[in-house]
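Here are some short exercises to work through with the model open beside you. Try each task before reading its solution.

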Amino acid sequence: MSGVVFAGEAVGRAVPLVAGALGASGIAVAALPSRLAMRAELRKRWRTWAIAAPVFLGTLFLGAGGAFALAAALGATAVSEYVRMAGLPRAEYAVLLVAAVVLPALAWLVPATVDGRAVDLRVVALLLLVAALPALLAGDDERGFTRCARTVFALLWIPLPLTGLVVLGDTAVAVGLAVALGDVGAWCGGMALGRRGVLARPLSPLSPNKTWAGVLGAAGATAVALGAVGAFTPVLWAAVLIGCVLGDLLESMVKREAGVKDAGSWLPGFGGLLDRIDSLLLALLLAMVVTA
């Protein structure tokens, strides 16, 4: 698998599905009664999706260069939000910002370093070194280890998974679409089946609203999405489902320690970019593992 050749076939298969989903959901949201408390929030989310979906599909349709641009833009924005939550100094912010651009660039221009099968050991060593360097040079004996650990976590959580947009090729389209519909399926499953009984039990105290009913809804939606674009395999479906379920909990853990509700406030209906792509990050990372 070269991972950098985009035939556009998955994009072509995804466009009718996305257009149909946006059209149907737009009609449904418009028809919601004004007394419904979530009406305004759902309309904001739909408008954000209506903009984000063409951007996602359009950039990936352009090929590896478009995928690099998308990965770099998402990475730079996401690490900015993470740095604010983690309270990292400017030196670590600079490291993460450079990594958000350099890692996708390496995946595009030197695919042997990050090829979807493994990450070159030299890249791993470099990531550890650059994560520790600011605290080492500053002689920080009070927060140095915390700074280093949070920076390493960010490198593994944000820039590295986003290289999947480049190396996975058409599979990246399928994963992105499945994650998006999986989030919707989780919400629908929670609303329909998560009122009472065993399915109403929360997955974790980190996010009490995330229930087993939501997992069931996400499982069905991700399977349908992957099947619709001809990318369904049991292992890829499992990777996407785990990403949908645990990716959100992972960000909830970060936000709870930081004492914030959302990673940002600029993305209508969602908060920040990390609030929107938390599941995608883990799903892309796992997809790179299972497609080895």
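**Exercise 1: Cysteines**

Cys148 has a relative accessibility of 15%, so it counts as buried. Keep in mind as you go that this is a predicted model.

Task: Decide whether Cys188 is buried or exposed, or in between, and find how far away the nearest cysteine sulfur is.

Solution: Start with accessibility. The relative accessible area of Cys188 is 37%. Buried means under 20% and exposed means over 50%, so Cys188 is partly exposed. Next, look for a sulfur partner. The nearest cysteine sulfur belongs to Cys244 and lies 13 Å away, and Cys188 is in no disulfide. Searching the whole structure likewise gives zero disulfides.

**Exercise 2: Two helices**

Task: Work out how H10 and H11 are oriented to each other, and which residues meet between them.

Solution: Begin with the geometry. H10 covers residues 212-228 and H11 covers residues 234-258; they pack at about 135 degrees, with axes 10 Å apart. The two helices are therefore oblique to each other. The crossing of H10 past H11 is right-handed. Now list the contact. From H10 come Val215, Ala218, Ala219, Thr222, Ala223 and Leu226, while H11 supplies Leu236, Trp237, Val240, Leu241, Cys244 and Val245. By type, the residues of this contact are eleven nonpolar, one polar and no charged.

**Exercise 3: Ala213**

Task: Place Ala213 in its helix and name its contacts beyond four places in sequence.

Solution: Ala213 sits in helix H10. Its relative accessible area is 0%, so Ala213 is buried. Beyond its neighbours within four places in sequence, Ala213 touches Gly189, Gly190, Leu193, Gly194 and Leu199.

Notes:
Residues are numbered from 1 along each chain as its sequence is written. This is a predicted model: local features need pLDDT of at least 70, side-chain atom pairs count only at pLDDT 80 or more; totals for chains, interfaces and linings use all residues. Side-chain values use heavy atoms; hydrogens and water are left out. Axes are lines fitted to C-alpha atoms, for helices over the stretch in contact, and angles run from 0 to 180 degrees between N-to-C directions. Helices (H or I, at least four residues) and strands (E, at least two) are DSSP runs, numbered from the N terminus. Angles under 35 degrees count as roughly parallel, over 145 as roughly antiparallel, 65 to 115 as roughly perpendicular and the rest as oblique. A crossing is left-handed if the near helix is turned anticlockwise from the far one by less than a right angle, and right-handed if clockwise. Contact means heavy atoms within 4.5 Å. Ala, Val, Leu, Ile, Met, Phe, Trp, Tyr, Cys and Pro count as nonpolar, Asp, Glu, Lys and Arg as charged, and the others, Gly among them, as polar. A disulfide is a pair of cysteine sulfur atoms within 2.5 Å. Buried means under 20% relative accessible area, exposed over 50%, partly exposed in between (1.4 Å probe, protein chains only).
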